[in-house]
Each structure stands twice: as C-alpha cells, then as structure tokens.
Amino acid sequence: GCVEILPALPDAWQQGTVCGLRARGGFVVEELSWDKGKLSRLVIRSLNGGILKVKLPDGRFVTKKMKAGMVWKL
C-alpha cells in the first residue's frame, strides 16, 4: 500500500489544511496543507515503525524506513 497525497483535490479547494488523518500501516498525516492547488506542507508520523510509501501529487514516489515515533516532513 501507498499513501497517495491529494489524488482528487476539487478545483474549488484552492487552499486548505487537514490534520490527524490515519493511514494504513500505522501512519498519521499530522499536517497536509496546499495552496493554489499545490502541496505546500506534509508531515507524517509513524506510530509503529515500518516502511512509509508516499505518492506525491507530481507523480514521484518516496519510500522511507521509519521507527516508531519518527516524523517525515516534506
């Protein structure tokens, strides 16, 4: 599985922030912000440790090995 970031953002939502989203594999999207429809901030925390796989809006994939409590920021 993979955490896909902003896969279907409506055009009407040009800016916004969400916090506290849970993702499979024991990850929490602590902050996700976008402006003018583009990702501006992303913070993900691992609750259990494991491999974080993220698909960014530009199509890039990021894979990180994380320990429990570790934070990854973009």
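"Partly exposed" here means a relative accessible area between the buried limit (under 20%) and the exposed limit (over 50%). Keep that in mind for the side chains on this tour. What you have open is a predicted model, and the chain averages a pLDDT of 94, with 100% of the residues scoring at least 70. If you colour by confidence, look for β1, which has the lowest mean pLDDT of the elements (92), and for strand β8 (residues 71-73), which has the highest (97).

**Stop 1: Lys 55 and its salt bridge**

Select Lys 55. With a relative accessible area of 26%, Lys 55 is partly exposed, because that value falls between the two limits. Now add Glu 4 to the selection: the two form a salt bridge, and their closest N and O atoms are 3.9 Å apart. Lys 55 sits in strand β6 and Glu 4 in strand β1, so this pair ties together parts that are 51 residues apart in sequence. Glu 4 counts as partly exposed too, at 43% relative accessibility.

**Stop 2: the sheet around β6**

Switch to cartoon view and pick out β1, β6 and β7. These three strands form an open sheet in the order β1-β6-β7, with mixed pairing. β1 (3-4) and β7 (61-66) stand at the edges with a single partner strand each, so one side of each has no neighbour in the sheet. As a reminder, strands of a sheet pair through backbone hydrogen bonds, either parallel or antiparallel.

Which sense do β6 and β7 use? They pair antiparallel, over six bridges. To follow the register, show Val 54 with its bridge partner in β7, Val 62. Then show Lys 55 again, this time with Phe 61, its bridge partner in β7.

From there, walk into the hairpin of β6 and β7, where five residues lie between the strands. Click on Gly 59 in this hairpin: Gly 59 takes a positive phi near 95°. While you are in this part of the chain, select Arg 60 and Asp 58, which form a salt bridge with closest N and O atoms 2.7 Å apart. Arg 60 is partly exposed at 46%, whereas Asp 58 counts as exposed at 51% relative accessibility.

**Stop 3: another salt bridge, between β4 and β5**

A search of the whole structure finds four salt bridges. For another one, select Arg 45 and Glu 30, whose side chains meet at 2.5 Å, N to O. Arg 45 belongs to strand β5 and Glu 30 to strand β4, so the pair links parts that are 15 residues apart in sequence. Arg 45 is partly exposed at 27% relative accessibility, and Glu 30 is partly exposed at 29%.

**Stop 4: the nonpolar core**

Next, hide the charged side chains and show the nonpolar ones. In soluble globular proteins, nonpolar side chains tend to be buried together. The largest nonpolar core here has 16 residues, and those with the most contacts inside it are Ile 5, Leu 32, Leu 42, Ile 44, Leu 52, Val 54 and Trp 72. β4, β5, β6 and β7 are the elements that give two or more residues to this core. Which element gives the largest share? That is β4, with four residues.

Zoom in on Leu 52 for a closer look. Beyond its sequence neighbours up to four places away, Leu 52 touches Val 3, Phe 27, Ile 44, Val 62, Thr 63, Lys 64, Met 66 and Trp 72.

**Stop 5: two buried serines**

Start with Ser 33, in strand β4 (residues 27-35). Is Ser 33 buried or exposed? It is buried, at 8% relative accessibility. Its side chain has a polar contact of 3.2 Å with the side chain of Thr 17. Its contacts farther than four places away in sequence include Gly 16, Lys 38 and Arg 41.

Then jump to Ser 46, which lies in strand β5. Ser 46 is buried, with a relative accessible area of 0%. Among its contacts beyond four places in sequence are Gly 26, Phe 27, Gly 69 and Met 70. A polar atom of the Ser 46 side chain lies 2.8 Å from the backbone nitrogen of Gly 49.

**Last stop: Gly 49**

Follow that contact to Gly 49, in the loop between β5 (38-46) and β6 (50-55). Leaving out residues up to four places away, Gly 49 touches Met 66, Lys 67 and Ala 68. To finish, draw a distance between the C-alpha atoms of Gly 49 and Lys 64: they are 15 residues apart along the chain and separated by 10 Å.

Note on methods. Residues numbered from 1 in each chain as written. Predicted model: local features only at pLDDT ≥ 70, side-chain atom pairs only at ≥ 80, totals over all residues. Heavy atoms only, no water. Contact = heavy atoms within 4.5 Å. Pairing = 2+ DSSP bridges. Buried < 20%, exposed > 50% of the residue type's maximum accessible area, 1.4 Å probe, protein only. Polar contact = N/O pair within 3.5 Å; in protein donor to acceptor, adjacent residues only side chain to side chain. Core = buried A, V, L, I, M, F, W, Y, C linked by side-chain atoms within 4.5 Å. pLDDT = per-residue confidence, 0-100.
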